[in-house]
Amino acid sequence: MPLANAFLRPEELGQESFFDLAAAFCLDCGMVQLLEQPACEKMFHAEYPFFTGSSQFMKNHFEKQALKILAKYPPSSDPFIVEIGSNDGTFLSHFTRHGVRHAGFEPAGGPAEIARAQGVQTVPSFFDAGSASDLAGQDGRADVIFAANVMCHMPNLHSVFEGVSRLLKPAGVFIFEDPYLGDVLSGTAYDQIYDEHVFLFSVRAVMGLARRHGMEVSDLEPVPVHGGSMRFTVNFKGSKPVSPRVDEALAVETQRGLDKAETFHQFRRRVEESRDALKNLLEDLKKKGKRVMGYAATSKSTTVLNYCGITPGLLESICDTTPAKQGKLSPGAHIPVVPYEDFKKNNPDYALLFAWNHRQEIFAKEAEFSRGGGQWILFVPEVQILGAGQS
Ligand code: DWN
């Protein structure tokens, strides 16, 4: 499998690097993780092309979360808020606006530059025990440490937890959200498995991890983003009451078999069926002379295209709003990525929705496509075609 975000210029063909993408489940600790992950510097660098602000829905989501924190920690109490993986500053910009002390760790140059331009204090480093200690020594300890769609990207989770315990005030909270294993399994969302997602978290696995660092999960909140995520609140053991939601979620995981190998064997079988159904559908549409375009060159699309063997003959292009991806080829499958405006210009018969996690936002934006007879192809939770009136 190529790196999910290694979109390449046509002249770079033949220079891609590949790795063996394989996810495994640990029967002891309940963690699902990649067996091999490329070096972080290869993935998150100056040209990293993902910007949190590319979705209005996500911008609203992070504003809500920032306002929640501001209500609990008003600017008058001089709180210190830290974000791990602050990307383009979508979340921290709300603290800048309110004059609240903050710092974001962001090693990816492009997004970090946008954050700085909005006045977001950005540390250009990966977060770990060392960089966390440095920040604590310089600016003091944090009231809140926040991370969204980042913890599942960090192979050195123990060093990250060690960093959190060095940087967090004794009564502080560490809040993080990531795609939830239970939702990935129930949605057969195999495209959440790619180089950057080294872990898929269950409640059981995170509880065990926190325990090893003198911390505990005190609360949980399912959040309806990225196809189903879980927001974990973690703090030093005994510093906060533990919500009954934690034990309830654990019981549900056991009931759903998230601790059993057979559950993952069944998932694999569903993934194989989904792969075959999608490939067959695209081949069938090609035979009928239909034109199919991809919608959104997501990281997830790299897994789908390469795993299903989707070639430029089956999918003519993928439109995307990110200038850094446009004019390039998708990693491994080499489907041309074109500007978003080409979607309207090209008017395909079908659009294969790679950003299915933003379905609501995209369907609202593209009502005209459906009204004009365009049809959407979805593959999560199952391969299906949505015609007019269904999107
Ligand atoms: O975990 C991660 C998540 C949070 O973001 C990262 N590893 C990388 C990234 O994953 P992704 O690329 O699968 O994210 P999204 O948010 O599902 O897709 C973003 C892409 O979709 C961007 O290239 C922009 C594009 N897009 C678009 O072209 N039109 C997105 C929307 C909402 C649109 O309307």
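## Cysteines, a central strand and a ligand shell

A search of the whole structure, which is a predicted model, turns up zero disulfides. Why does cysteine 308 form no bond with the closest cysteine sulfur? That sulfur belongs to cysteine 319 and is 19 Å away, so the pair is too far apart for a bond; a disulfide would need the two sulfur atoms within 2.5 Å. Cysteine 319 is likewise in no disulfide, with the sulfur of cysteine 308 as its nearest cysteine sulfur. As for their surroundings, cysteine 308 counts as buried at 5% relative accessibility, and cysteine 319 counts as buried at 1%.

Let's turn to strand β14, which covers residues 350-353. Which way do its side chains point? Tyr350 and Leu352 point one way, Ala351 and Leu353 point the other way, and all of them are buried. This fits a general pattern: in a regular strand, side chains alternate between the two faces of the sheet.

Strand β14 has pairing partners to follow in the viewer. Strand β11 (residues 292-295) pairs with β14 in the parallel sense, over four bridges, and glycine 294 stands opposite leucine 352 there. Strand β15 (residues 375-378) also runs parallel to β14, joined by three bridges. In that pairing, tryptophan 376 of β15 is the bridge partner of alanine 351.

Now for the ligand. The residues around it number 23, and Glu196, Lys300, Lys325, His358 and Lys365 come nearest. Helices α11 (299-308) and α13 (359-365) each supply at least two residues of this shell. Here are some polar distances to look up:

| Residue | Protein atom | Ligand atom | Distance |
|---|---|---|---|
| Histidine 153 | side-chain N or O | nitrogen | 2.7 Å |
| Tyrosine 194 | polar side-chain atom | nitrogen | 2.8 Å |
| Threonine 321 | polar backbone atom | oxygen | 3.0 Å |

How much of the ligand does the protein bury? Taken alone, the ligand exposes 700 Å², and the protein buries 97% of that.

One more residue to visit is threonine 90, in the loop between β3 (80-84) and α3 (93-97). Is threonine 90 buried or exposed? Its relative accessible area is 11%, so threonine 90 is buried, the cut-off being under 20%. The side chain of threonine 90 makes a polar contact of 2.6 Å with the side chain of aspartate 88. Beyond its neighbours within four places in sequence, threonine 90 is in contact with Thr52, Gly53, Lys59 and Phe62.

Technical notes
Residues numbered from 1 in each chain as written. Predicted model: local features only at pLDDT ≥ 70, side-chain atom pairs only at ≥ 80, totals over all residues. Heavy atoms only, no water. Buried < 20%, exposed > 50% of the residue type's maximum accessible area, 1.4 Å probe, protein only. Pairing = 2+ DSSP bridges. Polar contact = N/O pair within 3.5 Å; in protein donor to acceptor, adjacent residues only side chain to side chain. Contact = heavy atoms within 4.5 Å. Near = heavy atom within 4 Å. Areas by Shrake-Rupley, 256 points an atom, 1.4 Å probe, with all protein chains shown as cover.
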